[in-house]
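Here are some short exercises to work through with the structure open beside you. Try each task before you read its solution.

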4 protein chains.
Amino acid sequence: MASSFGRIFRLTTWGESHGPALGVVVEGCPAGIALHVEEIQHDLDRRRVGQSAVTTPRGEKDRAQILSGVFEGVTTGAPISLITYNADADSSKYDNLRDVFRPGHADYTYWAKYGHRDHRGGGRSSARETWGRVAAGAIARKVLASVGCEVFGFAREIGGIAMETFDRAAIEQNIVRCPDPAAAEKMVAAVLQAKAEKNSLGGVVEVRAIGVPVGLGEPTFDKLDALIGQAMLSIPATKGVEIGEGFAAARSTGFANNDPFVAENGRIRAGSNRAGGTLGGISSGEEIVVRVAVKPTSSVARPQQTVDVNMQPREILVEGRHDPSVVPRAVPVCEAMLAIVLADLLLLNRAARI
Amino acid sequence: MASSFGRIFRLTTWGESHGPALGVVVEGCPAGIALHVEEIQHDLDRRRVGQSAVTTPRGEKDRAQILSGVFEGVTTGAPISLITYNADADSSKYDNLRDVFRPGHADYTYWAKYGHRDHRGGGRSSARETWGRVAAGAIARKVLASVGCEVFGFAREIGGIAMETFDRAAIEQNIVRCPDPAAAEKMVAAVLQAKAEKNSLGGVVEVRAIGVPVGLGEPTFDKLDALIGQAMLSIPATKGVEIGEGFAAARSTGFANNDPFVAENGRIRAGSNRAGGTLGGISSGEEIVVRVAVKPTSSVARPQQTVDVNMQPREILVEGRHDPSVVPRAVPVCEAMLAIVLADLLLLNRAARI
Amino acid sequence: MASSFGRIFRLTTWGESHGPALGVVVEGCPAGIALHVEEIQHDLDRRRVGQSAVTTPRGEKDRAQILSGVFEGVTTGAPISLITYNADADSSKYDNLRDVFRPGHADYTYWAKYGHRDHRGGGRSSARETWGRVAAGAIARKVLASVGCEVFGFAREIGGIAMETFDRAAIEQNIVRCPDPAAAEKMVAAVLQAKAEKNSLGGVVEVRAIGVPVGLGEPTFDKLDALIGQAMLSIPATKGVEIGEGFAAARSTGFANNDPFVAENGRIRAGSNRAGGTLGGISSGEEIVVRVAVKPTSSVARPQQTVDVNMQPREILVEGRHDPSVVPRAVPVCEAMLAIVLADLLLLNRAARI
Amino acid sequence: MASSFGRIFRLTTWGESHGPALGVVVEGCPAGIALHVEEIQHDLDRRRVGQSAVTTPRGEKDRAQILSGVFEGVTTGAPISLITYNADADSSKYDNLRDVFRPGHADYTYWAKYGHRDHRGGGRSSARETWGRVAAGAIARKVLASVGCEVFGFAREIGGIAMETFDRAAIEQNIVRCPDPAAAEKMVAAVLQAKAEKNSLGGVVEVRAIGVPVGLGEPTFDKLDALIGQAMLSIPATKGVEIGEGFAAARSTGFANNDPFVAENGRIRAGSNRAGGTLGGISSGEEIVVRVAVKPTSSVARPQQTVDVNMQPREILVEGRHDPSVVPRAVPVCEAMLAIVLADLLLLNRAARI
């Protein structure tokens, strides 16, 4: 497995859903950043289980401890190790899944690849792994803040219900993190209904970055777009990513899709920003706009047809505690990954010129 | 810049649109593969300019030479260096663009990042860089062939016209590379009309891999999906990527979207394959299905509004020779990147178990 | 900082001398290895402080906990996280060193590079960081054991006293880890005398690997020799490394230095092995022989001249608890690094041929 | 194989001794450096075959061409591709070596690892590979020059004859590159005698860097010392490396070996510099001093005992054209590698602090 991401600002996550603990090591964070654990906890709480009626009721507090890399409240340049101990894992619900493959999950592919797997709560393939991403993302945000750059995200669409208005202040005012309060209400209702029906819903997360300096991205393979692609599609349950107009651009024309340059207040702008903030794989200074397709939770509490390790057909019922839609909790994870990509590219960009 | 991609099977591309030559170095290709330059040339000819009425008329032959890594027709494990000399670059068409930023292009971001740029034909940001990707991809295909794995691609949609039928044999029978001959005809007409109107069209490329062994992908950050995301979004003009049902999965439910497992001829299958061949970031043995959004060519031969390096407004006319739609030529590039990702993961997978 | 090492089998260490804990994450360990924490602890105990009269009396137990990557006693392929909590750090001894630079230590360079540092016990630059290396090395040994390869090491020379006989069984029978019992006695006496004189001694560690398969090493930059060079010179207090005859080969002739090949029991051998087990950067199947120069401990309990952060001259007395010679404890660290290099190259070598 | 080196400033070499060409791609060179091919050629000529009576008479001109990355005489940030075509390869001398293993060479290990090899002139394992290193090193020197840092090297010892005086100006005045003219004379005589006796000599190369900024090195695994170790031991024919006092430090005491800090002209200095310019793996601002053990050339024109691929004993005579001592030509190669390490760390160091 490859559990590291980043060139200079680099995180390594570890831990399983039902193991004793989860953690992350962040290498390459510059020295001199004031960092307090509560700043990290703030993001972790937005990702935490059990935060609302639309998330899984597993009762983890997900408290972070900083074990290294920070001295007297300031980063030293040394690797920052963060840990949280699992408290509320209930492995008994997984005993019947030891030898059987849950549809939509990684059970079969892990078993086939590694020959041996921790089946409890999905083991390493569980979305609990994203705890470390969000923790590292909080540190990445501090790096970005040093240049006035900020990342935020929201649920654009859940269960086919799309937002129609945008009020950034509204995002954290509802439990699905939708910037359109009216749409949010419908989304909540849809998720609760899916839950009642022992089903689940997918959706679209949008993440944006503002105040991004011009110049971030390392063509040709570490373009900003490319690293966003890797980052987002490494998140569990994601199936697609697009930047700016994305797939809609594929249906446009060159003349309509180009963003004209203008000079504005002493800056060069491409304000129509159909490109979503990148040109040639490098940030243009416009807002970065990324959308991520999140599939409906694979764990649904209805009987499903599958096979076991002996290739015998089995009907299974996936118990355990699950999110009827992971979209609201995927928002801080997508934010974290965008922040990490940008922080890494910000540091790399310091080497662009002599 | 970062011009390398891959962990074990690793390519490094170099060269500018109007420089003396372009090339690629492939490290980590296993020894013992019979490799002839004509196999590489076959793919390069599918990417080549001037191959049809819907591509740019620039007259490059794009002939590859193998300069290292192959002895007596067989790879030695040493880096394979491939080169092609530029022959038909016409830099005069770019003199007027030296100090001005073409909308939709990387001119501005390169200038801002590097302070200095080769403006001729887009320099390093030109899609001519993909020559090396396709050459390396041809070698990756040989690696994949050793396990019976094969990659192919096609135009799924151009200018809003989508394929409706699928006949793999038809793909290379038409100049847009569409597996639906009727749709192909409409696509060709649409591209020619856009060309006549000095405009351009985008579209959707689909690439697939068959015969993929179970187990390719290195969670959590080098998941098969994640590396596909990076690979595809590193290609010029791409704005989105999705796997399997992709964004459509975001509108489905867990119960409907899960692929049930069944045993079939001694293999475990998830044949409905809404997942597009990956589970938990690891290949499931089902067909890999990837779709890539390609924006309409930014170079359109109409006057456009922009600014120059002194932030003065300018109207420009982008001359040079351009593809009215890059979709047909993007097909072999997307194929190459998928082949490279899979070849790399195939080699990495050898280390999965003791 | 860059706290990771390895291509496939990759460790990331974290932690400071007086922080709450130290740890390591090992990525890329193959699945299917039986692994018990006591196997790791065995090596850690050989590295542990306070193990004898020639080591520092700091009273850490250095107990390892496995937090991830092992399920039911067997590795899963997931990252293996190991942690130990610091118990006996006495930071009060370092208060007077907060603003002053100890000669021979990293205080000045860390301060100049990072602007801010954890001065307690050397912070990140402390040799306590090697806890994680030895823990990871124990896992690497298990990988190597799968092919019958074994690593061991010893003190070849301390304070100018060199071993003259070699009895592998004697190594762990004396507290300096010397395979020559008579020399060991003299070494112990020399170290104790240096300690009494508030001084310290250096020496030469030798590490060897037996049962190494032919073929490990990735020319030209990841040659076996090159990675050994990086690995050994990344260990605190090391100042030189040589392989086989090493610097003595520089004084030999080609005819005398070449190892003739012979066939022996169905194997090709270069048994005179002046090369130390590598040819062209690749293991030859002969014993790997590496020697590492270890400088005398920089912390000596005598007054020394130095300057402070304001460039004012200061006389300091370095208190704290220190090894009068680090050579005995460097043995397991050098072994660990050789094991890690070989395990990584063993896994990489699986990709050498189609 | 792994033919790349460096984190940001990264080179990839390719090519075989008797292939059509050799080359290197340099990624990550900052934009804005004036670069002319003659600057590169200057170093290449110092490495070139046939330059004097003590080097092989193979008649390569080794002329470099710049194929990318430089526009109007200035680097653009894009990968810089450099190539030289082989002109004077005489493969006929190697026909009899196709199936036999030359002692001291990589023939056997390449064959065992890859199953198939280019036997002509050593193929990929030939020291001709170092052409690309020297070319890349010339570019690295330009990066270093931007901060006033300079690298130089010399033969410290050949065939047991050591320099006794140091006059930097004398280095390039004699064909062995020794800074002691009297010793140089003896070295030349010794090399010519070895040549006459169909034998060869080893020696010690010393490389130094002056004007190095404080702060270069990325603990703990990419310490300056560690990367120097990897860099030097990746060069063909090297068997050892030491920094500062090196192995002599192993025989010293802590009190004698520590370099006291003093303030001098507004700078903190450790002028006795027994450490060789690094503390804790980070440059201290003092001169970097590195010594490299170079073994005697393995190709000696006397009959030698060996075996063939069928394990049959064979007596062979290694023809071809060889250096009776590679030390003089190893000087620019070691310089290049030190320059590359420093340039890379210089760029990485820009990310050390917020």
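A residue is called buried if 20 or more other C-beta atoms lie within 10 Å of its own, with the C-beta atoms placed from the backbone. Keep in mind that this is a predicted model.

**Exercise 1. Burial of a strand**

Task: Find out how many residues of strand β11 of chain A are buried, and say what follows for the strand.

Solution. Start by locating β11(A), which covers residues 238–243. Next, apply the cut-off of 20 or more other C-beta atoms within 10 Å to each residue. The count gives 6 of the 6 residues as buried, so β11(A) is largely enclosed by the rest of the structure.

Now look at the neighbours of this strand. Within chain A, β11(A) runs antiparallel to strand β16 (residues 288–294), and 5 bridges join the two. In that pairing, G240(A) stands opposite A293(A). The strand also pairs across chains: 3 bridges join β11(A) to β11 (residues 238–243) of chain B, again antiparallel. There, E242(A) stands opposite G240(B).

**Exercise 2. A covered helix**

Task: Decide whether helix α5 of chain B is mostly covered or mostly open, using its buried residues.

Solution. The helix spans residues 224–233 of chain B. Going along α5(B), the buried residues include L224(B), D225(B) and A226(B), and they run on to M232(B) and L233(B). In total, 10 of its 10 residues are buried, and the helix is mostly covered.

**Exercise 3. The overall form of chain A**

Task: Compare the radius of gyration of chain A with the value for a compact globule of 354 residues.

Solution. First take the reference: for 354 residues, a compact globule would have a radius of gyration near 20 Å. Chain A has 21 Å, which agrees. Its C-alpha trace spans about 65 × 50 × 35 Å along the principal axes. Two further values fill in the picture: buried residues make up 69% of the chain, and of the contacts in chain A with a separation of 6 or more, 70% are between residues 24 or more positions apart. The secondary structure comes to 7 helices and 18 strands.

**Exercise 4. Edges of a sheet**

Task: Work out which strands stand at the edges of the open sheet of 5 strands in chain D.

Solution. Write down the strand order, β1-β2-β3-β7-β4, with antiparallel pairing. The ends of that order are β1 (4–5) and β4 (65–66), each with a single partner strand, so one side of each is left without a neighbour in the sheet. For β4(D), the partner is β7 (residues 80–85), joined to it by 2 bridges. One position to check is Q65(D), whose bridge partner is I83(D).

**Exercise 5. Chains B and D**

Task: Describe how chain B meets chain D, and how the two copies are related.

Solution. Begin with the contacts: 33 residues of chain B are in contact with 33 residues of chain D. On the chain B side, β2 (10–15) and β3 (21–27) each supply at least two residues. The largest share, 4 residues, comes from β3(B). By type, this side divides into 13 nonpolar, 15 polar and 5 charged residues.

Then superpose the copies. A rotation of 180° with 0.0 Å of shift along its axis lays chain B on chain D, with an RMSD of 0.0 Å. Finally, compare the surfaces: 100% of the interface residues of chain B are also interface residues in chain D, so the copies meet through the same surface.

Definitions and conventions. Residues numbered from 1 in each chain as written. Chains lettered and ligands numbered in written order. Predicted model: local features only at pLDDT ≥ 70, side-chain atom pairs only at ≥ 80, totals over all residues. Pairing = 2+ DSSP bridges. Contact = placed C-beta atoms within 7 Å. Nonpolar A, V, L, I, M, F, W, Y, C, P; charged D, E, K, R; others polar. Rg over C-alpha atoms; globule rule 2.2 N^0.38 Å. Buried ≥ 20, exposed ≤ 12 C-beta atoms within 10 Å, placed from the backbone. Least-squares fit on C-alpha atoms with pLDDT ≥ 70 in both.
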